[in-house]
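Please take a moment to look over the model shown here before reading on. The paragraphs below are meant to be followed with the sequence and the coordinates side by side.

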Amino acid sequence: MRTFLALLASLAFTAQAGITSSYTNMETDCQDAFPESELHEGSDMPKLCKGPKGYYAEEYYSAAGTYRNIKPERKGPSLFRRAIVPDNCPIPVYGKMLEWRLRNGSPFAVIQRVTCYEMSERGGGRGERISESLLVRELHGAKREGEVEALRTPNANVRAREIADKY
């Protein structure tokens, strides 16, 4: 009961501060990043997925895996120096939903679920699961980062939002 009341109080405070969430479905809200005629032979087409207020989530690929970053506009550069992925994560596998935290309708942080796998000992592909985290990234200013261990933290999504809401 205490946990429920604390959650209600947290939600009430968040609502009072004008903080809400918006979501990008990385499977359905996406399109090719550029015309197929510009794709280099043997490459996979990167995707751009629409977010709120002109932001885009960018998904691109390497031999080892998939990576995500944020763009403040469709043709602009990536917002972060490195992809949204935990340290020591050989093969990241992303959840399909990207959560945008908005303050008075403007995005200020993103939350992304990432499962990390070891490289397969047989070469190519995934091995054992290492971890699953919710990564929190600030979009402006200091570009602070946070991480919540998703499998061991009760109410991990609520905790990730609490971290984001301090940005």
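What follows moves from the overall fold to the nonpolar cores and then to two residues in loops.

The reader should keep in mind that this is a predicted model. Its secondary structure comes to two helices and nine strands, and when these elements are read along the sequence they follow the pattern α-β-β-β-β-β-β-β-β-β-α, with a helix before the strands and another after them. Of the 167 residues of the protein, 41% count as buried, and the surface that the protein exposes comes to about 9,900 Å², of which carbon and sulfur atoms supply 49%. Among the contacts in the protein with a separation of 6 or more, 46% are accounted for by residues 24 or more positions apart.

With this outline in place, the interior can be considered. The largest nonpolar core has 21 residues, and those with the most contacts inside it are I70, L98, W100, V110 and L139. At least two residues of this core come from each of the strands β5 (66-71), β6 (91-103) and β7 (106-119), while β6 gives the most to this core, with four residues. To see how one member of the core is surrounded, the reader may turn to V110, which, leaving aside its neighbours within four places in sequence, is in contact with I70, I84, L98, E99, W100, L135, V136, R137 and L139. Apart from the largest core lies another one, of 13 residues, which includes I19, L134, A156 and A160.

The loops offer a further detail of the backbone. Most residues other than glycine have a negative phi, and two asparagines in this model are worth examining against that background. N88, although it is not a glycine, has a positive phi of about 55°, and its place is in the loop between β5 and β6, two strands that each supply at least two residues of the largest core. Is N88 buried or exposed? Since exposed means over 50% relative accessible area, N88 counts as exposed because its relative accessibility is 73%.

N155 likewise is a residue other than glycine with a positive phi, the value being near 55°, and its place is in the loop between β9 (145-149) and α2 (156-165). At 47% relative accessibility, N155 counts as partly exposed. The helix α2 that follows this loop spans 156-165, and A156 and A160 are among the residues of the core of 13.

How values were computed. Residues are numbered from 1 along each chain as its sequence is written. This is a predicted model: local features need pLDDT of at least 70, side-chain atom pairs count only at pLDDT 80 or more; totals for chains, interfaces and linings use all residues. Side-chain values use heavy atoms; hydrogens and water are left out. A nonpolar core is a set of buried Ala, Val, Leu, Ile, Met, Phe, Trp, Tyr and Cys residues joined through side-chain atoms within 4.5 Å. Buried means under 20% relative accessible area, exposed over 50%, partly exposed in between (1.4 Å probe, protein chains only). Contact means heavy atoms within 4.5 Å. Accessible areas come from the Shrake-Rupley method with a 1.4 Å probe; for residues, only the protein chains shown count as cover.
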